[in-house]
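Me: I have a structure open and would like to learn how to read it. Could you walk me through it, one feature at a time?

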Amino acid sequence: MMTRLASGAARGPVPARENDVGGLRNVSEYALEMRDYAFSYGSTSTDALHDISFGLRHGSFAVLCGTSGSGKSTLLRAFKPELAVAGESRGTVRVLGDDPHLLGPVESATRVGFVMQDPENQIVTDTVWHELAFGLESIGMDPQTMRRRVAEAAHFFGIGSWFDRRTADLSGGQKQLLNLAAIVVMQPAVLVLDEPTSQLDPIAAKAFLDVLERVNSELGITVVITEHRLEDVLPIADRVLLLERGGTLAYDGDRDGFAHMLAKHDSGLYAALPAATRMGMLFERAGRDPGGHVTYPFSVREGRSYLADALAHGERVAGPPPTERALPSGDVVLSARDLWFRYTRDMPFVLRGVDFNLHAGRISALVGGNGSGKSTLLSALAGVRKPERGRVVRARNLHVALMAQNPKTLFVRDRLVDDLMEWSDVGGYSLHDVNNMLERLGLEQLRARHPYDLSGGETQKAALAKILLLGPDVLLLDEPTKGLDAPAKAQIGRILSDLALREGKAILLTTHDLEFVSEIAHTCSMLFGHDITCTQDAHGFFVDNLFYSTPTARIARGMLDGCVTTADLAVSFGLAEGTHDE
Amino acid sequence: MAKGLFATYHPAVCMLFFLAAIGFGFSTQHPVYVALSCVMSGAFLVYLRGWRPFLRTVGTCVPLVVFVGLLNSLFNAAGATVIWRWGPFCVCVEGLCYGVAMGGMLAAVLLWFACYNEVMTEDKFTYLFGRRLPTVSLMVSMISRWVPRMVIRGRSVHNSQEALIGGYDQSRRGTLRRGVRMATVLAGLGMEDSIQTADSMSARGYGSTTRTSYVLFRWHVREHVVLGLLVALAVANAMLLFADAGAFAFYPLVSSVEPSWGYATYALMLGTPFWVELERVRRPWA
């Protein structure tokens, strides 16, 4: 099989890979398989992964779950020798029944396709067509077959209309779609994806997963994916693997069993589950089974029918759904008055007459689509960009700090503690202050680490530490939750709430994460059509919105209006939220 | 995208045309040939980009022609017909003519280059010269992706740092320090990026075997025909043009211009972008 595939790829015409899999040649039972696999980063260190055994059948769509640092990436990379993490491994790894290390380089490149997190860094060439062809050029495919494969892939992924574009001009979602297409064009039997949507906004992320589902169901390519947010991916998965801290496989089965297991024993993933599933857990925890449902709801649709059954079968609503929360009263410290902005004079306006007030002691959220001008408004409020018309009014002696979208752009030194000392002269703080700040944000253990070696959540906290040391009164944060897993997000949320409520700081953050906003923000504003369409208390905002709202609000609409988060549902039914562990 | 059918021809054909137009353009100052080259290059540029950009290009060419013409006539006193003499300077009609012809030649070449830029886009160039050297063409492609990315990165690093501490230290030393800091951050981030790019490349089989190249352009019958005609015209021109140019002199007296078949073949060769349009099925004149 190996030689036939290799020569086929080089000379064409190539029979579809599915034929190979279902054909008469020795087809393995599993597309991917691990038996008693263990891995350690060095011969002396303890095993990062151990006792891992599982097999994925051809055509399955598996989600690999686990908190940050549980070794998900290391596990995934074991299937791709080119990307394998350096270290020592034991046990067997099989790709279509073969040891990946024994495959020839061309065969190894084509059997398993690998999509990584950052859409930008995976793109190698400057044009879309060249990127699509890159892999085929690398495996030396003849030009005639290559044209055909590229055309097929462009058609399947709907890339035809931007085939001639420069890769630099694509949106983040298009870039990641191109990365996927550039791999599927090589006809892999298995696709491995390591947090492919964590850098995308929710709409682009959903679009990406929709295409991935097509790749799985229409081409029959086996998929293994890791994700922070399970909201959109769990409804399409037919297999769930859970990797626990310490590197053992804690669960291997279908998604329903996964939810049942998490209801009994939370592995720090509760908050990552789909809203519908969390609602189901509320009832399961209370030992109730409304409407005789055997399985958990996973999508909003299933959630609505679950909730309707619960209400129809006499599930009592204990109290009225919570109404709007009280807003902390704080003075207006920073405001925009009739702000007009454009980048150059021959470009259209990005902001048109924006009026906006920022209050001390409040967390305000700014939501809106990509390119709606959220980041621009932040930098205008920070004074980095000068408006063309209108003005920004600041309270006297107000310190405003802006944290850009990529917090890595802030770090200069090799050790975190040195990096935090970097601005001690301009900020007028001492090593003592730095140590206090590290302790406060739970970063003491990482003081000697290189800032680039921190995880997503740690990076965000470190950047926050660096900014807080300058003693700002106003924090403008551009997507502080981007790419974070649920526990890290919750932690950032707690820190921000603390800063606003205890220290009276005014916080404005942009985000695509509506659930996060509904949990921590006091007010929420929507930017659309170059202007702020509405500003409202966060709870009321999501109750009044129809589409642009949290999944829970969409589930409860018309049945339990006013419920925006799972916590709201719990209050309504008089149930306790969370899992047994908490 | 350049309009006109010529730009749709195989890059090799387009390249040969421009090589011929620019090569021959450079090799003679015979006034008729220079005039033809100017007119044809100008017409092609108008055809490709419209009047406005053409006038802008001409606007930069005219001073050049005048400058070269004047400079030559000031410093070259080999002509017989003196019009003005002052100290060491001696201006003569022949020198002036020679200067104008030279300026015209430069202007024509500049116009041809403007057309070249419009027709021979970067991907065509890399395709033409990179196919034999796939690694080189990949490198060119990677660099032209990398450079604008670094510029954007630099801007975002600058903005995010400036947003925090830009207001604190406006002295020259502070600015310098921030500049150095920015370079450090950029280098670090660039390294991070390139590790991931390298992963993405090896995951897709980079270096696993001899590279091939994606074929973006193909040879059709029309390419062969036009290529053949171009070569024939170029050969004819090589003989006729050099004969005419050899018979023509500016000094000591400007020779008279003799009629020649060379003008026709030269015009025909430079007119390739126009006569290939005859192939259009509908309204070839529109």
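Me: In what pattern do helices and strands follow each other along chain B?
Reply: Start with the terms: helices (H or I, at least four residues) and strands (E, at least two) are DSSP runs, numbered from the N terminus. Read along the sequence, chain B goes α-α-α-β-β-α-α-α-α-α-α-α. That comes to 10 helices and two strands. By the way, this is a predicted model: local features need pLDDT of at least 70, side-chain atom pairs count only at pLDDT 80 or more, and totals for chains, interfaces and linings use all residues. Residues are numbered from 1 along each chain as its sequence is written, while chains are lettered from A and ligands numbered from 1 in the order in which they are written.

Me: Is chain B spread out or a compact globule?
Reply: Here you use the radius of gyration, taken over C-alpha atoms, and a globule rule of 2.2 Å times the number of residues to the power 0.38. For the 286 residues of chain B the rule gives 19 Å, but the radius of gyration is 26 Å, well over that, so chain B is more spread out than a compact globule. Along the principal axes, its C-alpha atoms fill a box of roughly 70 × 60 × 35 Å.

Me: What share of chain B is buried?
Reply: Count neighbours: a residue is buried if 20 or more other C-beta atoms lie within 10 Å of its own, exposed if 12 or fewer, and partly exposed in between, with C-beta atoms placed from the backbone. In chain B, 31% of the 286 residues are buried. For a single case, take R148(A), in helix 7 (residues 143-156) of chain A. R148(A) has 14 C-beta neighbours inside 10 Å, so it counts as partly exposed.

Me: How many residues of chain B are in contact with chain A?
Reply: Two residues are in contact if their C-beta atoms, placed from the backbone, lie within 7 Å. By that test, 45 residues of chain B touch 52 residues of chain A. Two elements of chain B give two or more residues to this side: helix 6 (134-165) and helix 7 (172-203). Helix 6 of chain B gives the most, with 16 residues.

Me: How do the residues on that side of chain B divide?
Reply: Ala, Val, Leu, Ile, Met, Phe, Trp, Tyr, Cys and Pro count as nonpolar, Asp, Glu, Lys and Arg as charged, and the others, Gly among them, as polar. The side of chain B that touches chain A has 16 nonpolar, 18 polar and 11 charged residues.

Me: Now sheets. Which strands stand at the edges of the open sheet of three strands in chain A?
Reply: Two strands pair if DSSP finds at least two bridges between them. This sheet has the order 11-10-13, with antiparallel pairing. Strand 11 (351-359) and strand 13 (389-394) of chain A each have a single partner strand, so one side of each is left without a neighbour in the sheet. Five bridges join strand 10 (residues 332-341) of chain A to strand 13 of chain A, and W340(A) stands opposite R389(A) there.

Me: What packs on this sheet?
Reply: Helix 13 (residues 374-382) of chain A does, touching strand 10, strand 11 and strand 13 of chain A. For angles, axes are lines fitted to C-alpha atoms, for helices over the stretch in contact, and angles run from 0 to 180 degrees between N-to-C directions. The direction of helix 13 makes about 120 degrees with that of strand 10 of chain A.
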